Protein chains: 4
Amino acid sequence: MDNNLHEECGVFAAYSLSGEDVAAYIYYGLFALQHRGQESAGISVSDTSGEKGNICSVKGMGLVNEVFDKKNLETLKGNLGVGHVRYSTTGASIPSNIQPLAINYIKGTLGLAHNGNLVNAAELKQELSYTGAIFQSTIDTEVIAYLIARERINTKNVESAVLNAMKKLKGAYSLVIMSPRKLIGARDPFGFRPLVLGKKDDTYFFASETCALDAVKAEYVRDVEPGEVVTIYKDKVTGETVIESDKTLCGRKHAHCIFEYIYFARADSVIDGISVYDSRVKAGKILAQEHPAEADVVVGVPNSGLIAAYGYSMESKIPYCMGFEKNSYVGRTFIKPSQTMREAGVMIKLNAIKQAVNGKRVVMIDDSIVRGTTSAQIVKLLRDAGATEVHVRISSPEFLFPCYFGTDVPSSKELVATGKSVEEICKIIGADSLGYFPNDRLNELIDKTDDFCDACFSGNYPEAAPKHDIRNI
Amino acid sequence: MDNNLHEECGVFAAYSLSGEDVAAYIYYGLFALQHRGQESAGISVSDTSGEKGNICSVKGMGLVNEVFDKKNLETLKGNLGVGHVRYSTTGASIPSNIQPLAINYIKGTLGLAHNGNLVNAAELKQELSYTGAIFQSTIDTEVIAYLIARERINTKNVESAVLNAMKKLKGAYSLVIMSPRKLIGARDPFGFRPLVLGKKDDTYFFASETCALDAVKAEYVRDVEPGEVVTIYKDKVTGETVIESDKTLCGRKHAHCIFEYIYFARADSVIDGISVYDSRVKAGKILAQEHPAEADVVVGVPNSGLIAAYGYSMESKIPYCMGFEKNSYVGRTFIKPSQTMREAGVMIKLNAIKQAVNGKRVVMIDDSIVRGTTSAQIVKLLRDAGATEVHVRISSPEFLFPCYFGTDVPSSKELVATGKSVEEICKIIGADSLGYFPNDRLNELIDKTDDFCDACFSGNYPEAAPKHDIRNI
Amino acid sequence: MDNNLHEECGVFAAYSLSGEDVAAYIYYGLFALQHRGQESAGISVSDTSGEKGNICSVKGMGLVNEVFDKKNLETLKGNLGVGHVRYSTTGASIPSNIQPLAINYIKGTLGLAHNGNLVNAAELKQELSYTGAIFQSTIDTEVIAYLIARERINTKNVESAVLNAMKKLKGAYSLVIMSPRKLIGARDPFGFRPLVLGKKDDTYFFASETCALDAVKAEYVRDVEPGEVVTIYKDKVTGETVIESDKTLCGRKHAHCIFEYIYFARADSVIDGISVYDSRVKAGKILAQEHPAEADVVVGVPNSGLIAAYGYSMESKIPYCMGFEKNSYVGRTFIKPSQTMREAGVMIKLNAIKQAVNGKRVVMIDDSIVRGTTSAQIVKLLRDAGATEVHVRISSPEFLFPCYFGTDVPSSKELVATGKSVEEICKIIGADSLGYFPNDRLNELIDKTDDFCDACFSGNYPEAAPKHDIRNI
Amino acid sequence: MDNNLHEECGVFAAYSLSGEDVAAYIYYGLFALQHRGQESAGISVSDTSGEKGNICSVKGMGLVNEVFDKKNLETLKGNLGVGHVRYSTTGASIPSNIQPLAINYIKGTLGLAHNGNLVNAAELKQELSYTGAIFQSTIDTEVIAYLIARERINTKNVESAVLNAMKKLKGAYSLVIMSPRKLIGARDPFGFRPLVLGKKDDTYFFASETCALDAVKAEYVRDVEPGEVVTIYKDKVTGETVIESDKTLCGRKHAHCIFEYIYFARADSVIDGISVYDSRVKAGKILAQEHPAEADVVVGVPNSGLIAAYGYSMESKIPYCMGFEKNSYVGRTFIKPSQTMREAGVMIKLNAIKQAVNGKRVVMIDDSIVRGTTSAQIVKLLRDAGATEVHVRISSPEFLFPCYFGTDVPSSKELVATGKSVEEICKIIGADSLGYFPNDRLNELIDKTDDFCDACFSGNYPEAAPKHDIRNI
């Protein structure tokens with residue numbers, strides 16, 4: 001894949017009802033979700049035995065293992081906490097935007113972490129401003145916090161305030177929220193972004209993906225339903241654990257992001273009942289059916305193209321092999337090659353394995369083409385390594401439309417597919433043939449008829465696009 | 001002095017009406033105010049040629065020269081800006097509390113920096129909470145920002161909103177505020193903390209002290225009056241510079257903090273018309289009149305006791321000399337001696353100069369005694385260096401009461417003077433005699449009858465103490 | 001693999017005879033060799049137009065992208081340079097041991113980088129000490145530098161001094177050396193560690209592996225022969241490029257490290273004429289022949305086991321699939337799980353993909369077992385994911401003997417294989433069956449009869465083991 | 001003073017014969033010597049109960065409190081150690097030059113720290129090279145270590161080797177050396193740089209100045225004599241503490257650096273029996289005798305001019321007062337004002353106190369004038385503050401000659417005094433009158449006839465200047 005596409009966020013939350021510290025769980029959980037956001041990370045915790053939930057936070061720019069160290073993790077004492085990893089567009093990549101957001105309000109404290117994008121954030125901000133709200137960041141989460149705070153004045157508990165606030169939100173959001181004594185997980189009615197509930201002894205978890213539950217050896221309980229608000233706390237009187245579900249907003253037709261399966265999520269995660277791994281194998285098989293090729297080997301572009309390549313190989317009976325070596329030491333601070341070196345073909349992350357592809361006709365599987373430049377470089381790597389033909393197969397349809405629901409798909413004019421035929425794109429990337437996954441078979445990836453969002457391919461937005469560009473509020 | 005007392009803040013602001021960048025000015029201005037706060041520092045700037053005043057900030061824990069470097073200062077492009085240096089008690093020493101506070105609100109942006117403490121902050125926060133406010137820090141500045149934002153809805157301009165907000169504030173505040181096109185300086189009606197207006201060509205400045213104007217070679221224009229709101233901007237129509245003054249809240253009896261003169265402010269500053277240097281020389285002279293001593297030399301504890309020592313010497317005719325060498329390389333990260341080493345007398349900052357005091361009867365001048373431990377160590381230094389007698393003279397009265405107006409005087413039980421006679425304190429610090437500055441002559445330091453606040457010595461608070469301990473909100 | 005085994009070093013050198021800066025080449029070259037050493041990195045360069053080769057170095061602990069940044073790379077001006085990445089045992093992991101070593105000596109400067117371990121370093125040090133040598137590090141490289149410096153007194157040029165010094169060295173070394181005007185690559189007569197010569201226009205390179213030549217788009221010229229000294233410079237008179245080869249020490253029976261093929265080297269490298277990729281595919285095939293299994297799928301432990309797994313699948317016709325998801329964000333500063341968490345099974349890097357292995361009999365291929373603990377955890381991962389049987393196949397023989405030639409194989413008592421039967425090890429790691437690669441077929445991996453060193457498996461050391469433990473000098 | 005002159009080094013050593021850790025002592029000792037070198041710092045320790053004195057070091061660029069933290073200090077376990085603070089010219093300000101130098105040689109380990117400059121370092125290096133020496137730094141200390149190592153081959157103990165090595169050294173050196181079981185302090189026969197012996201219980205210390213002994217509450221025992229080698233250890237047989245003195249090289253006419261008294265040393269130190277404080281007071285008195293002035297006040301330029309100002313005042317009866325406020329927060333990373341700002345008069349460290357000098361004729365005392373630019377700025381500060389006349393008095397003669405014995409006096413062409421009359425210099429710095437300390441009365445500062453070096457003023461070098469510029473080896 002082109003490395004030009006980024007998921008905006010991952011969330012993780014933990015609540016030990018027996019009072020154990022949860023920061024280490026959140027650390028490992030966020031680490032397992034690192035693929036969903038590499039720009040900043042944060043953890044907020046509180047001790048539910050305190051009266052008003054004094055929240056302690058550690059947040060910073062960088063990867064999970066860069067932001068947290070032994071010393072600062074030790075300052076995070078508390079049995080209830082939320083965490084967040086984030087990617088964002090450059091403009092808003094500033095410290096004040098790092099999540100979780102921890103606030104004081106009328107009922108003590110709230111900690112919030114949020115995955116997704118609202119499409120009516122600008123309108124809500126303006127509305128709140130008219131009654132004197134001040135904003136210290138440019139993240140949607142602050143808007144959500146305000147709405148909850150205002151609703152809380154007239155509701156009997158925090159979960160009702162969350163539900164009432166959700167009635168005003170439009171767009172994509174998977175939320176984890178901590179109040180002084182409760183942990184809440186909530187998901188927008190369309191279910192754009194994933195959110196699951198897990199459990200380990202008497203500790204409860206919410207996570208963007210099941211792989212994060214695996215990371216802390218928690219058991220998967222179930223997905224939070226689109227529109228559902230799940231609240232976990234200990235009954236003050238009986239001391240029993242309460243897990244409440246409010247489904248008032250459930251019921252709408254869902255719009256799960258299909259690209260979570262194709263690229264964003266980790267292959268070992270299961271989202272809304274569908275295995276990401278299975279879905280990618282199937283994508284490869286369908287590609288083989290729709291775009292067969294006369295070839296000697298199938299190779300996947302690491303790491304995201306490997307599973308679809310395996311599926312393609314299974315279906316086509318063309319042998320699968322490792323065509324590339326990937327250098328995984330590329331870190332945030334890596335110095336990019338100069339223009340001269342790039343032109344000389346210096347590629348940092350990837351090298352082709354000559355012995356695997358030399359003298360062979362190669363089917364190369366990748367998950368998407370965004371701007372086209374990286375794809376062209378990879379095709380050239382294969383040719384330089386001796387591949388006699390390179391047939392590119394993409395396990396998603398053409399990107400043609402921007403995403404307003406939590407993905408950083410560039411604007412149409414930067415997308416190579418905009419206004420071009422497949423033949424033209426094939427020429428641009430220097431392939432012998434090019435085949436995209438067919439739009440009309442996307443439903444097969446998740447075994448459902450039309451329960452998903454494919455707006456970036458089809459332009460069919462489940463919810464009206466925002467009036468202002470939400471990515472530059 | 002005991003090193004246990006800290007001023008809470010210093011503020012500095014600059015507005016170049018011809019559009020030059022002001023970040024460098026603010027950097028040097030804050031550096032000159034570093035003595036007012038060494039815990040964190042921040043600068044926020046905006047470009048007034050933009051529509052809505054997009055604010056850029058650099059903030060961090062540490063000294064001015066630790067927070068800012070060439071690279072991050074270069075990101076601070078803009079001709080209007082405010083800056084802040086801060087000290088605070090440990091509890092609230094967290095990144096989210098670093099000033100300036102930069103917000104978005106109904107009318108664009110606001111940047112605020114604040115020196116002082118409100119006594120009704122808790123009540124105001126509660127009140128705001130009832131209408132849905134959320135708080136992301138524990139600083140008073142956020143409360144002030146909210147009040148301004150709410151007032152702004154129904155006022156014709158930002159300076160009116162500031163004035164209306166000030167009507168609700170109780171306590172000490174010297175404020176600098178930047179809106180998209182205006183710079184405002186405001187001071188509480190009591191005038192607890194200083195604030196001056198300066199000018200250099202067409203750039204205007206507000207600063208906590210005149211020494212910061214000297215640092216940027218700006219000319220001192222005048223002090224902002226207690227209760228006054230000064231607004232600076234360029235008239236949109238005529239293009240002329242406007243300096244407006246609103247004195248609606250002026251007129252009350254003033255309560256200038258007398259300890260600014262005795263200790264906080266820099267000797268080269270002039271506050272409300274009185275030179276800090278003159279005031280300290282006078283303190284030494286009065287001490288000599290009230291507590292004469294049979295002695296051979298007068299020495300001051302560096303640096304804050306030096307000028308009063310000089311005054312004492314002038315009045316008493318006892319020769320002044322340098323009795324101490326101070327090590328100025330002690331930084332924030334200095335490792336403190338272990339208990340064992342401290343008991344062995346290891347003092348890091350100070351050494352006595354034997355040749356100056358050996359065999360002599362010494363008058364030692366310091367500005368205050370807080371807990372008494374440091375004073376005892378210094379007296380011992382002199383004795384170890386051969387002083388035959390040590391007569392301690394303190395250029396302030398005994399600390400007996402906490403300060404609620406921007407100073408970190410510890411609680412009464414930590415103050416050595418609480419419940420003890422001067423003789424008892426003298427014994428604790430190991431001196432041959434001890435004399436404090438007399439309460440009833442404090443007015444002579446500033447040549448005014450009762451225009452000042454001496455609550456920490458007298459318990460006479462100009463404004464009722466807060467209901468809650470404001471230092472732990 | 002167990003993550004307990006580390007290659008000691010990688011070297012890279014570049015010489016632009018037309019005078020271009022080479023630091024960027026070395027940076028990318030070292031980055032491609034990062035797998036050979038993640039503990040420290042360094043680059044030294046000089047400008048050959050200067051008289052005596054003033055050497056500039058940047059060195060530091062950490063990964064290539066942590067040690068170097070734009071700012072310090074820019075200080076590395078020069079057209080001749082050597083670089084080094086390093087792993088070492090903890091004891092000697094100190095700044096003074098970071099390579100390259102840059103020295104001043106009788107003939108100007110020398111810069112040296114070294115991959116391998118001498119077995120007579122202690123004796124040589126002692127001998128040098130007797131004539132007054134002082135040592136500022138504990139690396140063999142310093143010994144080599146001394147020998148060259150002493151030889152240089154009576155030799156006509158630096159390459160002769162290098163050759164004479166080599167006559168005294170015993171053990172493994174691949175060396176790159178820069179003098180004021182020459183670049184030298186040299187390899188011990190056994191050829192334990194690899195070293196290749198590359199070229200791009202008029203810039204020449206030495207590198208530990210061909211993948212580093214690919215990284216800078218240089219063309220592979222040939223391997224430096226065991227015992228050979230290759231010298232590159234520009235003839236002062238004619239201005240022509242001279243590439244001299246001295247083969248005085250060539251001819252001995254070779255002892256290429258077989259573990260370079262099995263694990264250390266990158267799959268896309270070709271060492272001494274043999275493709276690492278081919279060698280690993282073959283290892284898998286042989287494993288399938290020797291240790292067949294009744295199973296449904298073959299999975300490789302990422303990343304080092306993947307290719308052998310592919311070979312096993314090809315030979316056995318059991319389908320290959322992706323059984324694991326590897327988290328590549330684990331960095332140097334990652335906080336390891338506490339004992340409690342480890343016992344709870346928290347594995348940071350690896351997760352099994354349930355959909356791939358659930359309900360299946362799995363052949364799991366890894367490259368080696370060192371202590372056994374990691375292998376046990378991985379087997380458990382598969383079982384927890386639903387694998388009904390786990391048949392472990394290891395693409396190397398049992399580790400039984402320490403390596404003295406540049407590999408950090410732990411002492412025998414830490415090796416799980418020491419004194420245990422395969423059945424016992426199988427039980428320890430919890431597998432259903434276990435098969436190791438057969439010792440007597442190692443030669444097939446590189447298509448040569450006995451040109452290699454397999455001492456860590458066989459105990460047949462090509463050169464006598466050192467008298468002192470070389471790893472703790 | 002001009003801030004253009006720097007001492008090269010300070011050394012500190014400690015040996016606890018009862019086996020206590022000494023790193024903390026060295027930390028505080030170096031901190032007290034920080035004024036002698038702010039560029040880098042290092043501590044090396046070993047445990048004398050070990051056999052061969054394994055040395056552990058922490059070294060780094062920056063101030064003592066920047067280089068050391070709790071974590072790395074804790075790694076410094078051992079009862080014998082040496083430490084160093086350093087200033088150097090830019091060229092050689094590289095990590096490999098940071099002291100102490102820790103080496104392995106024929107007899108185990110040596111740790112060395114060195115204050116001073118050799119004048120025959122280049123010759124010695126060349127000589128050593130001829131027999132195969134390699135140099136990893138450009139510091140004289142490495143040459144000294146080599147000489148000791150070579151001598152050690154044929155001497156019965158390390159102190160004899162040190163003595164023999166000293167016979168070959170020419171120039172200035174105060175050395176502290178640790179062998180596996182001994183601590184040695186040695187000083188060149190001229191006694192250019194100071195070195196004292198101290199004691200606290202059974203711990204012995206060497207320090208560049210007595211102020212460092214005060215810092216650790218050690219008692220001053222005596223100065224190490226010029227040419228003397230003092231060796232401290234525990235007798236292996238009797239277990240008794242041995243303090244040996246070898247005075248073979250003593251007896252030459254001394255050449256104590258007179259500028260130590262005038263500027264380098266701390267006022268609270270006593271060097272070779274003379275108090276620095278007394279010496280500076282006397283300098284002020286002599287200045288008053290030689291260059292009287294009609295004036296109202298005497299002010300000293302902080303901090304180095306204050307004591308001489310006090311002496312001038314005592315002698316002249318013109319009142320002393322504080323004329324300046326110095327900002328002591330200027331750190332290593334402070335951003336210097338741009339050219340424009342400097343021209344506008346922005347001075348970072350110093351401000352004049354108007355109230356002290358306004359309307360007055362001022363005598364301003366400074367310790368030296370190097371380039372003249374800073375002096376000019378300070379004179380202007382006083383005039384801007386209202387001084388009607390500024391009479392500059394300098395407590396040293398004119399700098400006219402470079403120093404080869406451990407001081408960074410710039411080359412003659414940069415010195416303002418070179419080739420100019422006092423009247424011309426007076427005009428350059430903008431003073432009303434200017435008076436230098438008279439050359440022929442320097443002896444009075446230390447009450448000795450000609451036991452000192454004043455080469456930088458007189459050009460009379462006690463030892464021939466080096467053939468090569470020693471500051472750029």
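**Exposure, a helix and the D–B interface**

Biologist: In this predicted model, is A:Thr373 buried or exposed?

Modeller: The relative accessibility of A:Thr373 is 51%. The cut-off for exposed is over 50%. A:Thr373 therefore counts as exposed.

Biologist: Which helix holds A:Thr373?

Modeller: The C-alpha atoms of A:Thr373 and A:Pro194 are separated by 31 Å. Along the chain these two are 179 residues apart. A:Thr373 itself sits in residues 373-384 of chain A, helix α13.

Biologist: What should helix α5 of chain A span?

Modeller: Helix α5 of chain A covers residues 140-152, 13 residues. Of these, 13 of the 13 are buried, so α5(A) is largely enclosed by the rest of the structure. The expected rise is 1.5 Å a residue, and the end C-alpha atoms are 18 Å apart, which agrees with the expected span of 18 Å.

Biologist: How are chain D and chain B related?

Modeller: A turn of 180 degrees with a shift of 0.0 Å along the axis lays chain D on chain B, at an RMSD of 0.1 Å. The two copies are thus related as by a two-fold rotation axis.

Biologist: Which C-alpha of chain D is nearest the axis?

Modeller: The turn that lays chain D on chain B is 180 degrees. The nearest C-alpha in chain D lies 3.2 Å from the axis. It belongs to D:Ser328.

Biologist: Which residue of chain D forms a salt bridge with B:Asp214?

Modeller: Chain D and chain B bury about 4900 Å² between them. The count between them is two salt bridges. In the one with B:Asp214, the closest N and O atoms are 3.4 Å apart, and the partner is D:Lys354.

Definitions and conventions. Residues numbered from 1 in each chain as written. Chains lettered and ligands numbered in written order. Predicted model: local features only at pLDDT ≥ 70, side-chain atom pairs only at ≥ 80, totals over all residues. Heavy atoms only, no water. Least-squares fit on C-alpha atoms with pLDDT ≥ 70 in both. Helix = DSSP H or I, 4+ residues; strand = E, 2+ residues; numbered from the N terminus. Expected span 1.5 Å × (residues − 1). Buried < 20%, exposed > 50% of the residue type's maximum accessible area, 1.4 Å probe, protein only. Buried area = accessible area lost by both parts, 1.4 Å probe. Salt bridge = Lys/Arg side-chain N within 4 Å of Asp/Glu carboxyl O.
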